[in-house]
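Hi everyone, thanks for making time for this. I'd like to walk you through one model today, so please have the viewer open and turn things around as I talk.

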Amino acid sequence: MKTLDAQASATAGGADPGWLAARRKTALDYYDKLDMPSDREEVWRYVDFDFALDDFNLVDAPGEAHEVDTGIAAALPETAGSMRLVDGLTTEVHNADARATFGSLRALLAEHADLFEPYVARGTPSDLNKFAAAHTAFSGDGAVLVVPAGIAIEEPFFIDVQATTSGTASFPLITLVAEQSSQASVVIRYRSDDDVNALVVPNLELCVGDNSHLKVTVVQHWGGATTSVSHLRAVVGRDGTLHLGEAGLGGALSRLQLQIDLEGDGSSANVVGAYFGDETQTLDYRYTMHHQGLNTDSDMFLKGAVQDDALSIFTGMIRIDEEAQKTNAFQTNRNLILSDGASAQSVPNLEILANDVRCGHGSTMGPLDDEQRYYLMSRGLDEPRSNRLLVHGFFNEALARFPEPAIAGVVTSWIDAKYRAAQEAGRV
Amino acid sequence: MATALQVSGVRASYGDLEILKGVDIEVPFGEVHVLMGPNGSGKSTLCHVLMGKDEYEATGSALVDGTEVMGLPVDERARTGLFEAFQYPVEVPGVSLDDLLREMDEVRDDPEFQDRVEAMTETLDMSRFRDRAVNGGLSGGEKKRSEMFQMAVAGAKVAILDEIDSGLDIDAVRDVAHLVEELRSDDLGVLLITHYSRILRYMNPDKIHVMVDGEVVRTGGPEIAAELEASGYVDLVANEASIPTPEVTPFDI
């Protein structure tokens, strides 16, 4: 294994084109200079890291992959293409739809050295924090999708991201591009076994071209010992639409920091989340919706539950530029606290510089509703069953808005099972 | 055959406040009884106490088809055959009526449950509500229709309809009254709780019970409704002091 140093950075991607090598070098400088984030900074508040990045190493070769589990496979009977990244490196690619460019970043860079530069340049900047710097410095591979202008692809693309080797850090880069007037759907699945103590730092870069429609579904199902610190940056062009759903189920600590720039006039973003933490999990969401164009719409709708000693964090920022008149922007975060030891933080923020906008936010937190439980019990359902139905319904409100209904169905069954297991163990 | 509902000496208090002071009511199978009374007389408390809501201290006996339900958890009372139609049915977000029906079926050993669901969906024109959230975004009348639908499919032996006419406009009151009559059966006893006599114009109750200050002070035939309509609760129970008169029709909610 390779330690996270200058030599590892220089060789991480194999033969980098010049522009990428230059980015890496800059990022490595930031990586060396920046301190580990501290909970004294607002954007890292509530989170404490008990490790250092260089506790982890890069793999020499990917570990043995898991097959896709049956639930996901059944939900995706047909894909427009699928690929697998294991410990940060591509292990297989099946490209079914020849109209799109889809596959391993490293392989495609070798063929089209300059194709991705403008997209990658729009992604999360490497000076954002030490993890973002490490990502650019050490990322060895990733997944790329470019849907050309005017092409609409119905079947989803599937990207299976796995961590299999304890002690390793991996930095998968996922770049998804929908060119003008195109349409695509992508499902990203993160997984690892419960005993894999790995650090995964994915970056997602989404470019939604003018008048295009991109659907992205992220299913985060890391094992209980895996830590993930991910960033997502999206740019949406004129009349473009981004529909993003994230389900957060696993991980010792799993963080997603995202920023969506509604750059084009008439652009919109629909962001849905469903997350469920138990035991000592921390699920950490930091969302920024940045309205820049005229007549832009956004809706963030996240529902989270915590039980045992889990902690969840949602901070949502709606930023409306002075030029972004006629904006409609809403964020909703509802939290279910299922155990006395569990806690949730929910911090909605607004920063509005325009004067002709509609904007709203709502945040709630509490246990299951007694009146709803009484109603269900009056129909003959015993208390545990009533509670299960209420938890199911709570998440269903979010999952019903997910971009891929079949995937939402699988996530629903996992969430139901997670709550049921806690019930059967007498934890809730 | 036992009577559908036999309530004897039911007392209930909320904290230090005694609300029910010994209630006796009998509803035979096949009959529809009405329990009337002014605000604060304890009608809704009786309903909750019979269903088993845990915020009251309650004593006494309530037999559902001969089975004692006092002391049982809410869900066991329901499976014994007791059904409460709520005054304000709570919305259950994200849970469709079909989800609820599936769970109701699973907890009952009742091979005819599904048949009733299909039959009653047709009879009560419920198909458009089954994939919607329970009570979500329904009008007052639609919520009451959904309650009556659930009553019919649950296979209830006793239905307590808690002010199913409140908050409805006059057309909806008539509709719900007709539903009660339509669902009348030899296997069911109904106790309809109401504050207003107007719903009685559209149905034929077998008996009317008047409750004041936690006790049933009068039981009689439908003629009581006519008296109430004419004079309100004050004259009807002349020996009870300082009883508020019924209010005018409330705003729809």
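I'll go from the sheet in chain A to its helices, then to chain B and the contact between the two chains.

One thing up front: this is a predicted model, so please hear everything I say with that in mind.

Let's begin with the sheet in chain A. It is an open sheet of 10 strands, in the order E4-E3-E7-E10-E13-E15-E17-E19-E21-E23, with mixed pairing. Which strands stand at the edges? They are E4, residues 89-95, and E23, residues 358-366, of chain A. Each has a single partner strand, so one side of each is left without a neighbour in the sheet. Across this sheet, the average turn of neighbouring strands against each other is 5°, if you ignore direction.

For a closer look at one pairing, take strand E3, residues 81-86, and strand E7, residues 157-163, both of chain A. These two run parallel and are joined by six bridges. If you want a spot to zoom in on, pick Gly81(A), whose bridge partner in E7(A) is Phe157(A). As a general reminder, strands of a sheet pair through backbone hydrogen bonds, either parallel or antiparallel.

Now the helices. H8(A) lies across three strands, E17, E19 (297-306) and E21 (328-337) of chain A, and runs at about 160° to E19(A).

H8(A) also helps to cover the next helix, H9(A). That one spans residues 405-424, so find it in your viewer. From its first C-alpha to its last, H9(A) reaches 28 Å over 20 residues, close to the 28 Å expected at 1.5 Å a residue. Which residues of H9(A) are buried? They are Ile407(A), Ala408(A), Val410(A), Val411(A), Ile415(A) and Tyr419(A). In general, an α-helix has 3.6 residues a turn, so residues three or four places apart point the same way. Besides H8(A), the cover over those buried residues includes helix H3 (70-75) and strands E10, E13, E15 and E17 of chain A. Just after H9(A), you'll find Gly426(A) with a positive phi of about 75°.

Since you like backbone torsions, here are two more, and neither is a glycine. Asp239(A) has a positive phi near 60°, and sits in the loop between E14 (227-236) and E15 of chain A. Is Asp239(A) buried or exposed? It counts as buried, because it has 20 C-beta neighbours inside 10 Å. Over in chain B, Asp65(B) has a positive phi near 50°, in the loop between E4 (57-64) and E5 (67-68) of that chain. Asp65(B) has 19 other C-beta atoms within 10 Å, so it is partly exposed.

That brings us to chain B as a whole. It has seven helices and 12 strands. Its radius of gyration is 18 Å, close to the 18 Å that the globule rule gives for 253 residues, so chain B is as compact as a globular protein of that length. Its C-alpha atoms fill a box of roughly 50 × 40 × 35 Å along the principal axes, and 45% of its residues count as buried. Of its contacts with a separation of 6 or more, 71% are between residues 24 or more positions apart.

Finally, the contact between the chains. Chain B gives 21 residues and chain A gives 17. On the chain B side, the elements giving two or more residues are H2 (74-80), E7 (92-96), H3 (97-106) and H5 (140-154). By class, that side has 12 nonpolar, two polar and seven charged residues.

That's my tour, so over to you!

Note on methods:
Residues are numbered from 1 along each chain as its sequence is written. Chains are lettered from A and ligands numbered from 1 in the order in which they are written. This is a predicted model: local features need pLDDT of at least 70, side-chain atom pairs count only at pLDDT 80 or more; totals for chains, interfaces and linings use all residues. Helices (H or I, at least four residues) and strands (E, at least two) are DSSP runs, numbered from the N terminus. The expected span of a helix is 1.5 Å times one less than its number of residues. A residue is buried if 20 or more other C-beta atoms lie within 10 Å of its own, exposed if 12 or fewer, and partly exposed in between; C-beta atoms are placed from the backbone. Two residues are in contact if their C-beta atoms, placed from the backbone, lie within 7 Å. Ala, Val, Leu, Ile, Met, Phe, Trp, Tyr, Cys and Pro count as nonpolar, Asp, Glu, Lys and Arg as charged, and the others, Gly among them, as polar. The radius of gyration is taken over C-alpha atoms; the globule rule is 2.2 Å times the number of residues to the power 0.38. Two strands pair if DSSP finds at least two bridges between them. Axes are lines fitted to C-alpha atoms, for helices over the stretch in contact, and angles run from 0 to 180 degrees between N-to-C directions.
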